[in-house]
Amino acid sequence: MNATDPALQDEDPLGLYTRGAGRAREWWRVSPSGRAHMYRIEHGQGEDGAVGEVDIDTEIDLDNLEAKLLKWRREGFVSEAQRADEARAAQAGSAFSVALQRAVEAACEAKAAQVRLQTHTPFVRIGNVDLPRGEPNALVPRVNAAYLFTGRGGDIVQDIVENRRVMLIGHTGSGKTSFIEQVAARAGYGVLRANMNGQTTIGDFVGFWTVKGGETIWVDGVLPVAMREGYWLIIDELDFAEPSILAVLTAVLEPNGRLLLKERGNEIVEPHPSFRLFATANAAGAMSAYRHLYQGANLLNEAFLDRWRVYLFDYLSLEEETEVLLRTLPVITRQLAHTLAAIAADCRAAFAREDLASAFSTRRLIDWAELMLRTGDVERAAGPAIYAKVSADDAALIRSVIRHHVIFDA
Ligand SMILES: Nc1ncnc2c1ncn2[C@@H]1O[C@H](COP(=O)(O)OP(=O)(O)OP(=O)(O)O)[C@@H](O)[C@H]1O
Ligand SMILES: [Mg+2]
């Protein structure tokens with residue numbers, strides 16, 4: 001019997017293969033032939049149930065049948081067994097969605113109940129999330145009134161409420177650090193920053209003993225200071241951190257994780273309830289493909305990344321960046337802001353195609369626009385803001401993008 005052909009044990013090829021619906025429905029049928037290792041194939045058109053007229057009826061061997069099956073699959077024919085599987089999957093999928101939706105509603109209700117319990121706490125609303133206000137202190141960043149909160153931030157603010165560890169990854173100047181700073185500025189939390197790109201030692205980070213006035217004293221590093229005082233700590237460029245710093249961090253990454261200061265006779269530092277930990281990285285996780293652009297960046301392993309909520313920060317969209325330019329420099333027209341944002345968008349597209357080696361950050365765009373307002377000269381402003389920072393090839397390409405927009409967007 002052909003169905004027991006050893007070559008076909010995985011998948012029974014017998015049955016109906018169909019594509020299209022209604023009168024346009026077309027089918028192939030594979031059935032056993034009377035001869036060993038041979039198959040009968042028939043072709044026809046007709047609505048469900050009706051076989052209609054059979055226009056091909058022939059016998060082929062296994063090799064030919066396999067070629068046909070491949071061809072039919074490419075042409076969009078689907079076996080009945082597969083259709084039944086898909087129907088079952090769709091039903092299971094919808095049952096899953098209903099269960100998930102119920103769980104989401106229950107979680108929202110639980111959260112709302114918690115908020116109702118804390119009505120004495122003042123909140124500040126960012127996007128659609130209520131964040132409890134912090135105590136005013138000297139380390140609260142200044143509010144940037146031009147800052148635009150976009151859709152990419154909502155989940156992160158909720159993570160902050162829930163005391164999750166948040167890592168933002170993305171190209172330079174895509175707005176990672178400023179996002180955290182601006183949330184802290186609105187909600188009133190002090191921010192400390194530690195940059196891992198060559199400047200921060202384990203001593204700076206955790207603390208060290210020193211001699212002062214003949215006395216040996218302990219100086220807390222940035223991590224215990226933030227944990228004790230309830231500041232938000234942003235670890236910038238975490239993918240450049242020394243292994244010893246990553247090792248210390250791992251313990252603190254658990255929710256309410258405590259810090260063990262071995263150098264101080266195993267003193268335990270408990271996190272203040274307001275303490276939050278953030279990291280930014282250019283080339284970690286989903287950004288690893290760009291490691292060649294951020295020389296010296298280390299690959300953060302998955303076990304370490306799993307201790308964070310990792311968000312990919314893309315550059316702002318053309319519309320969002322136009323809005324940011326208008327808010328930052330209210331004297332420019334929307335048309336002008338749009339042209340400048342379009343130049344940045346084109347340069348980023350060239351960067352993604354690897355035609356340009358340098359990324360075009362929002363920081364660079366704003367800086368260029370500010371210089372342009374001072375000099376009144378697009379090219380002169382582009383010198384120190386752009387051209388002098390990139391290779392001669394990149395400068396030439398960016399110059400041509402700028403010329404094109406300046407001439408044609410007027
Ligand atoms: N949503 C926004 N609204 C207003 N300005 C923004 C926004 N996003 C980014 N910017 C501007 O872009 C500048 C650069 O952003 P930021 O320093 O946060 O980037 P970054 O991703 O941390 O860069 P790097 O990887 O180089 O540290 C900010 O100082 C700010 O002026
Ligand atoms: Mg940054």
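How many salt bridges does the structure hold? The count is 23, and we'll stop at a few of them below. Keep in mind that you're looking at a predicted model.

**Stop 1: the domains**

Start by colouring the protein by its domain assignment: domain 1 is 6-91, domain 2 is 123-311 and domain 3 is 318-408. Now put a distance between domain 1 and domain 3: their centres, taken over C-alpha atoms, are 57 Å apart.

**Stop 2: ligand 1**

Next, select ligand 1 and show its surroundings. You should get 18 residues, with T172, G173, K176, T177 and S178 the closest. Sorted by class, this shell has nine polar, six nonpolar and three charged residues. Domain 2 and domain 3 each contribute at least three residues to the shell. Highlight helices too: α4 (176-187) and α11 (362-375) each supply at least two shell residues.

Then zoom in on the oxygen atoms of ligand 1. One sits 2.6 Å from an N or O atom in the side chain of S178. A polar side-chain atom of T177 is 2.8 Å from a ligand oxygen, while for G175 the partner is a polar backbone atom, 3.0 Å from an oxygen of ligand 1. Switch on a surface if you like: ligand 1 taken alone exposes 630 Å², and the protein buries 85% of that.

**Stop 3: a salt bridge on α11**

Stay with α11 and pick D367. Its side chain forms a salt bridge with K389, the closest N and O atoms being 4.0 Å apart. This pair links distant parts of the chain, with D367 in helix α11 and K389 in the loop between α12 (378-385) and α13 (392-408), 22 residues apart. Both ends are partly exposed: D367 at 31% relative accessibility and K389 at 46%.

**Stop 4: a pair within one helix**

Select E323 and R327, whose side chains meet in a salt bridge at 3.9 Å, N to O. What separates them along helix α9 (residues 318-328)? About one helical turn, because they are four residues apart in that helix. E323 is partly exposed at 27% relative accessibility, as is R327 at 36%.

**Stop 5: over to the strands**

Finally, go to R35 and E59, which pair in a salt bridge at 3.2 Å, N to O. R35 is in the loop between β2 (26-32) and β3 (38-45), and E59 is in strand β4 (residues 54-61), 24 residues apart. E59 is partly exposed, with a relative accessible area of 35%.

Note on methods:
Residues are numbered from 1 along each chain as its sequence is written. Chains are lettered from A and ligands numbered from 1 in the order in which they are written. This is a predicted model: local features need pLDDT of at least 70, side-chain atom pairs count only at pLDDT 80 or more; totals for chains, interfaces and linings use all residues. Side-chain values use heavy atoms; hydrogens and water are left out. A residue is near a molecule or strand if one of its heavy atoms lies within 4 Å of it. A polar contact is a pair of N or O atoms within 3.5 Å; within protein, one must be able to donate a hydrogen and the other to accept it, and residues adjacent in sequence count only if both atoms are side-chain atoms. Accessible areas come from the Shrake-Rupley method with a 1.4 Å probe; for residues, only the protein chains shown count as cover. Ala, Val, Leu, Ile, Met, Phe, Trp, Tyr, Cys and Pro count as nonpolar, Asp, Glu, Lys and Arg as charged, and the others, Gly among them, as polar. Domain bounds come from an automatic or database domain assignment. Buried means under 20% relative accessible area, exposed over 50%, partly exposed in between (1.4 Å probe, protein chains only).
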